[in-house]
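Q: Please take one part of this structure and examine it closely. I am new to the structure, so kindly place that part within the chain as a whole and explain the terms as they arise.

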Amino acid sequence: MAKQRVKLQPVQNLSSYLEKDKLLPVYFFCGEDSYGIEQGVKETLKAIDPLIESDFDRETITADKKIESQQVLDLALSFPFGGGKKVIVFKNFDNVGDKKNFQAYLENPPDFTTLIITQQGKLTSVTNQPYKILHEKNYIFEARQMKSDE
């Protein structure tokens, strides 16, 4: 039996989740199109920017093999300095070894933080955590390379 491809929301649908009253607490961008991922992050940051009151409430973290997921989670759970929202861009999620630690955060993310996560490459399965909950809550946006017949 052939393995069925996981159907993920395309990054082209992102704009409907960037309206002020429809902002998500988590945006997970993945896929083979790195330009599409970066554009998704830029669009999301542009939509959230008016809600951020302090430059201290903007963080970008690039994961390497040494990063502990708890460091990112602690930052995401801490209150903003400026009283508005805070935004964290967490790049290279595929390098994090203890991804399951994100499950509790994703089940009940705080409303004062927007967490933007990127992962290069396509997801082949959403049956394992934290991908399962990301998929269930419609937080995943896939940047696919367009084929010539699309």
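A: Of the 150 residues of the chain, 44% count as buried; buried means under 20% relative accessible area, exposed means over 50%, and partly exposed lies in between, with a 1.4 Å probe and protein chains only. The model is a predicted one, in which local features need pLDDT of at least 70 and side-chain atom pairs count only at pLDDT 80 or more, while totals for chains, interfaces and linings use all residues. Residues are numbered from 1 along each chain as its sequence is written, and side-chain values use heavy atoms, with hydrogens and water left out.

The part chosen here is Lys99 with its surroundings, and the overall fold serves as the setting. The chain holds four helices and five strands, where helices (H or I, at least four residues) and strands (E, at least two) are DSSP runs numbered from the N terminus. Read from the N terminus, the elements follow the order β-α-β-α-β-α-β-α-β. The chain has a radius of gyration of 15 Å, which agrees with the value near 15 Å for a compact globule of 150 residues; this radius is taken over C-alpha atoms, and the globule rule is 2.2 Å times the number of residues to the power 0.38. Its C-alpha trace spans about 50 × 30 × 25 Å along the principal axes.

Lys99 lies in the loop between strand S3 (86-91) and helix H3 (102-107). Lys99 is buried, yet has no salt bridge. A salt bridge requires a side-chain nitrogen of Lys or Arg within 4 Å of a carboxyl oxygen of Asp or Glu. The nearest side chain of opposite charge belongs to Asp94, 6.9 Å away; for this purpose Lys and Arg count as positive and Asp and Glu as negative, while His and the chain ends are not counted. What does the side chain of Lys99 reach at 3.4 Å? It reaches the backbone oxygen of Asp94. This is a polar contact, that is, a pair of N or O atoms within 3.5 Å; within protein, one must be able to donate a hydrogen and the other to accept it, and residues adjacent in sequence count only if both atoms are side-chain atoms.

Apart from residues up to four places away in sequence, Lys99 touches Phe93, Asp94, Gln119, Pro130 and Tyr131, contact meaning heavy atoms within 4.5 Å. One of these partners, Pro130, sits in the loop between S4 and H4, and the peptide bond leading to Pro130 from Gln129 is cis, with omega near 5°. In the loop that holds Lys99, between S3 and H3, is also Asn92. Phi of Asn92 is near 65°, a positive value in a residue other than glycine, and Asn92 counts as partly exposed, at 24% relative accessibility.

Several partners of Lys99 recur in the surroundings of Phe28: among the residues that Phe28 touches, beyond four places in sequence, are Phe93, Gln119 and Tyr131. Phe28 is itself listed with Phe29, Phe90 and Leu115 as having the most contacts inside the largest nonpolar core, which has 42 residues. Such a core is a set of buried Ala, Val, Leu, Ile, Met, Phe, Trp, Tyr and Cys residues joined through side-chain atoms within 4.5 Å. Elements giving two or more residues to this core include strand S1 (26-31), S3, H3, strand S4 (113-120) and helix H4 (131-136). The largest share, five residues, comes from S1.

Another lysine offers a second case. Lys86, in strand S3, is buried, with a relative accessible area of 3%. A polar contact of 2.8 Å joins its side chain to that of Ser78. The contacts of Lys86, leaving aside neighbours within four places, include Asp57, Leu75, Phe79, Phe112 and Thr114.

Finally, the salt bridges of the structure may be set beside the case of Lys99. In general, side chains of opposite charge can pair when their charged atoms come close. A search of the whole structure finds two salt bridges. Arg58 meets Asp49 at 2.3 Å, N to O, and Asp55 forms a bridge with Arg58 at 2.7 Å between the closest N and O atoms. Asp49, Asp55 and Arg58 are thereby linked in a network. Arg58 is partly exposed at 32% relative accessibility, Asp49 is partly exposed at 36%, and Asp55 is exposed at 65%.
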